[in-house]
Amino acid sequence: MFCVAPPESETKMNVTKGGLVLFSANSNSSCMELSKKIAEDVNTTIMELLIMVYACKTSCAKSIIGVIPYFPYSKQCKMRKRGSIVSKLLASMMCKAGLTHLITMDLHQKEIQGFFNIPVDNLRASPFLLQYIQEEIPDYRNAVIVAKSPASAKRAQSFAERLRLGIAVIHGEAQDAESDLVDGRHSPPMVRSAAAIHPSLEIPMLIPKEKPPITVVGDVGGRIAIIVDDIIDDVDSFLAAAETLKERGAYKIFVMATHGLLSSDAPRLIEESAIDEVVVTNTIPHEIQKLQCPKIKTVDISMILSEAIRRIHNGESMSYLFRNIGVDD
């Protein structure tokens, strides 16, 4: 149980920077921990951004460019049961507040750009990650690019083609929640009865899915395995993929991702796993995680963001930043 009020006392409460106080019940420790997490939520940053944008708008700014390297709630971009599409909500709020241009990087789904009615430049981190592979992995020619699920096969294929390497796909692992019931047509539950369906209407029922045993499509024996994805947060699927690759004979395992959320106990799990190195960009601060896990390495992408800002400000073409970028990148 929580309530909010202006600060008067600091006993058993969390004081936010804006003078707002979050009181929590004292019945158990989990309640206190939850209140701390709520007080430190990403929504504080989002609200601060909206207020700043609106302030610039009301001050008659000619243009307001938002630079959001990691777009929050980007995984919530599809309908699941009767759930809301949070990415659409954020896009509407940012446009309504006064944003005139958005610079972001590696959206979870490129279709998110369609939620905005302003120009959106979705920059790519892949050139920096590819450069890291070529410069920091001496024997990368003996590597194979791995997709930890069929859903990330296109990204893996793009990396493999640019590095002229082979590709492997792990099939049969536990699927992500976003792949289940994404279109909302399963809510409310279907009831086959005379009252629910007209007697003359027979709707065919789908056969339930059965998970196949985990298999690796492609040869990884005696090779370096480089798993590529856009976001690494909950690391369970990456750890399972690493174990599978080790069993198939891979002697080194790297994980490359643009956005390193690395929340909860992800650093500890990575440190204890078969993964040799996790490489992410600095779209999200993760210095604390690096102190907990030396396997985490950072690639700086500030150069492309600063160039994008400069080009937009000077009215120059942005096409240079997207040269050789394909649909699947």
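Me: Which residues line the largest cavity?

Reply: This is a predicted model, in which local features need pLDDT of at least 70, side-chain atom pairs count only at pLDDT 80 or more, and totals for chains, interfaces and linings use all residues. Residues are numbered from 1 along each chain as its sequence is written, and side-chain values use heavy atoms, with hydrogens and water left out. The lining consists of Asp106, Arg124, Ala125, Ser126, Arg155, Ser158, Phe159 and Asp329, where a lining residue has an atom within 4 Å of a cavity point.

Me: Why is this space called a cavity?

Reply: The term applies because, on a 1 Å grid over the protein atoms alone, a cavity is a set of points where a 1.4 Å probe fits but cannot get out. The search of the whole structure finds one cavity of 30 Å³ or more, and the volume of the largest is about 50 Å³.

Me: What makes four residues of the lining of the largest cavity charged?

Reply: Asp, Glu, Lys and Arg count as charged. The lining includes Asp106, Arg124, Arg155 and Asp329, so these residues meet the definition.

Me: Why is the set of 34 residues called a nonpolar core?

Reply: Such a core is a set of buried (under 20% relative accessible area, 1.4 Å probe, protein chains only) Ala, Val, Leu, Ile, Met, Phe, Trp, Tyr and Cys residues joined through side-chain atoms within 4.5 Å. Those with the most contacts inside the largest core are Leu123, Ile133, Ile145, Ile226, Met256 and Ile304, and their residue types, Leu, Ile and Met, are therefore among those in the definition.

Terms used. Buried < 20%, exposed > 50% of the residue type's maximum accessible area, 1.4 Å probe, protein only. 1 Å grid on protein atoms, 1.4 Å probe; cavity = no way out; pocket = protein on both sides within 12 Å on 5 of 7 lines; lining within 4 Å. Points joined across faces, edges and corners; volume = space filled by probe spheres on them.
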